[in-house]
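Got your viewer open? Load the model below and follow along, one selection at a time.

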Amino acid sequence: MGYRIVVAGATGNVGREVLAILAEREFPIDELAAVASSRSQGTDVEIGDSGRTVKCQNIDNFDWAGWDMAIFAIGSEATAIHAPKAAAAGCVVIDNSSLYRMDPDVPLIVPEVNPDAIDGYKKRNIIANPNCSTAQMVVALKPIHDVAKITRVVVSTYQSVSGAGKSGMDELWNQTRQIFVGDEKDIQLFTKQIAFNVIPHIDKFLDDGSTKEEWKMVVETKKILDPKIKVTATCVRVPVFVGHSEAINIEMENELSAEDAQRILREAPGVVLHDKREDGGYITPVECVGDFATFVSRVREDPTIENGLNLWCVSDNLRKGAALNAVQIAELLGRRHLKKG
């Protein structure tokens, strides 16, 4: 016996990726519903490369009763309307938006990092998926923290335009073409030209000068990994279609050599260590697209601080940063609680 699963936002980037991953991982499904806004009603939605399709339904009219889980990829405003309805009907919501992440009654889960926290889902019948840049970072930090106890993290991100949705990818494509043919650049979504440029600004500015994306990385890391860890982040949008990269500087309570860190990371769940210390001996965003793993390279000691390490972390943000993590949460929920598959 399998599950009755709903994918909300099935026609968007993350929603389509959720459907693909459900098929790839052979998630035990008895019935699958795809829902989105009224604009997408009646659209045939492909379930990955399975050759199967499902008709998209209008989320406004959807009856949540009798469904086991719903993976939401519809943004905070729509989630605020529909997630409580689904949860009240007994359908467990796995939410990709930022709406519930810092709610104390909602577990914020990365299965490789804090699986036990999922046991608190019954308070709201909602489970939160973290920010894409947070998810890959804590996967890399967790095995190091377990051994050496991380006290401080300084991270600079290099985030792809797919993190801003299809419109972000379209803007990079259009601006690149416009520059090559000599047309006037069309800037709509991003605050500055993104083609052949980098923008140190993701999400809204806060009163202290940081952005909300940077704030998310700070508070979510604390909630998922350890509230005592000090985190400071600078989040940058770069002209890459898919794949987030991060340069992470770690300060630890206990000494840990680069060689020992490599050994630990090599054995860590969800991590692929690719660190050859030679030309091309590291992973870049274009190489991680379509992969489930969080890749770690450039592991080295930081001689400027006591017990310091540097590393380079890359992952497909549409997968581990969103869709894959959501499906992994669904798998974890099934194993620990619903136990149908």
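Start by selecting Ala 86, which you'll find in helix 2, the stretch covering residues 76-88. Ala 86 counts as buried because its relative accessibility is 0%. Keep in mind as you look around that this is a predicted model. Now add Met 169 to the selection and draw a line from C-alpha to C-alpha: Ala 86 and Met 169 sit 31 Å apart in space and 83 residues apart in sequence.

**Salt bridges**

How many salt bridges does a search of the whole structure find? The count is 18, and we'll stop at a few of them.

Select Glu 17 and Arg 319. Their side chains meet in a salt bridge, at 2.6 Å from N to O. This pair links distant parts of the chain: Glu 17 belongs to helix 1 (residues 13-24), Arg 319 to helix 8 (residues 319-338), and 302 residues separate them. Are these two buried or exposed? Glu 17 counts as buried, at 18% relative accessibility, and Arg 319 counts as buried too, at 5%.

Stay with helix 8 and pick Glu 331, then add Arg 25. They form a salt bridge whose closest N and O atoms are 2.8 Å apart. Here again distant parts of the chain are linked, with Glu 331 in helix 8 and Arg 25 in the loop between helix 1 and strand 2 (29-36), 306 residues apart. Glu 331 is buried, with a relative accessible area of 17%, whereas Arg 25 counts as partly exposed at 29% relative accessibility.

Next, move over to Lys 55 and Asp 44. This salt bridge has its closest N and O atoms 3.2 Å apart. Lys 55 lies in strand 4 (residues 53-58) and Asp 44 in strand 3 (residues 44-46), so the bridge ties together parts 11 residues apart in sequence. Asp 44 is partly exposed, its relative accessible area being 45%.

Before moving on, go back to Glu 17 and Arg 319 and add Glu 24: salt bridges with shared partners join these three into one network.

**Aromatic rings**

Time to look at rings. The structure holds six aromatic pairs. For one of them, select Phe 62 and Trp 67: the pair is tilted, with 5.6 Å from centre to centre and 45° between the planes. Phe 62 counts as buried, at 11% relative accessibility, and Trp 67 also counts as buried, at 6%.

Another stop is Phe 180 with Phe 196. Their ring centres are 5.9 Å apart and their planes are at 80°, so this pair is edge-to-face. Phe 180 is in helix 4 and Phe 196 in the loop between helix 4 and helix 5 (212-224), so you're looking at a link between distant parts of the chain, 16 residues apart. Phe 180 and Phe 196 are both exposed.

Then return to Phe 62 and Trp 67 and add Trp 64 and Phe 72: ring pairs link these four into a cluster.

**Surface patches**

Switch on the surface and keep Phe 180 and Phe 196 selected. With Ile 179 and Val 181 they form a nonpolar patch, with about 440 Å² of accessible area together. Ile 179 lies in helix 4, residues 166-181, and counts as partly exposed at 32% relative accessibility.

For the last stop, select Glu 255, Glu 259, Glu 301 and Glu 306, which gather in a patch of negative charge on the surface. Zoom in on Glu 259: this residue is found in helix 6 (residues 258-266) and counts as partly exposed, at 46% relative accessibility.

Key:
Residues numbered from 1 in each chain as written. Predicted model: local features only at pLDDT ≥ 70, side-chain atom pairs only at ≥ 80, totals over all residues. Heavy atoms only, no water. Patch = residues over 30% accessible without salt bridge, like charges linked within 9 Å, V, L, I, M, F, W, Y side chains within 5 Å. Areas by Shrake-Rupley, 256 points an atom, 1.4 Å probe, with all protein chains shown as cover. Salt bridge = Lys/Arg side-chain N within 4 Å of Asp/Glu carboxyl O. Lys, Arg positive; Asp, Glu negative; His and termini not counted. Charge placed at Lys NZ, Arg CZ, Asp CG, Glu CD. Helix = DSSP H or I, 4+ residues; strand = E, 2+ residues; numbered from the N terminus. Buried < 20%, exposed > 50% of the residue type's maximum accessible area, 1.4 Å probe, protein only. Phe/Tyr/Trp six-rings, centres within 6.5 Å; stacked < 30°, edge-to-face > 60°.
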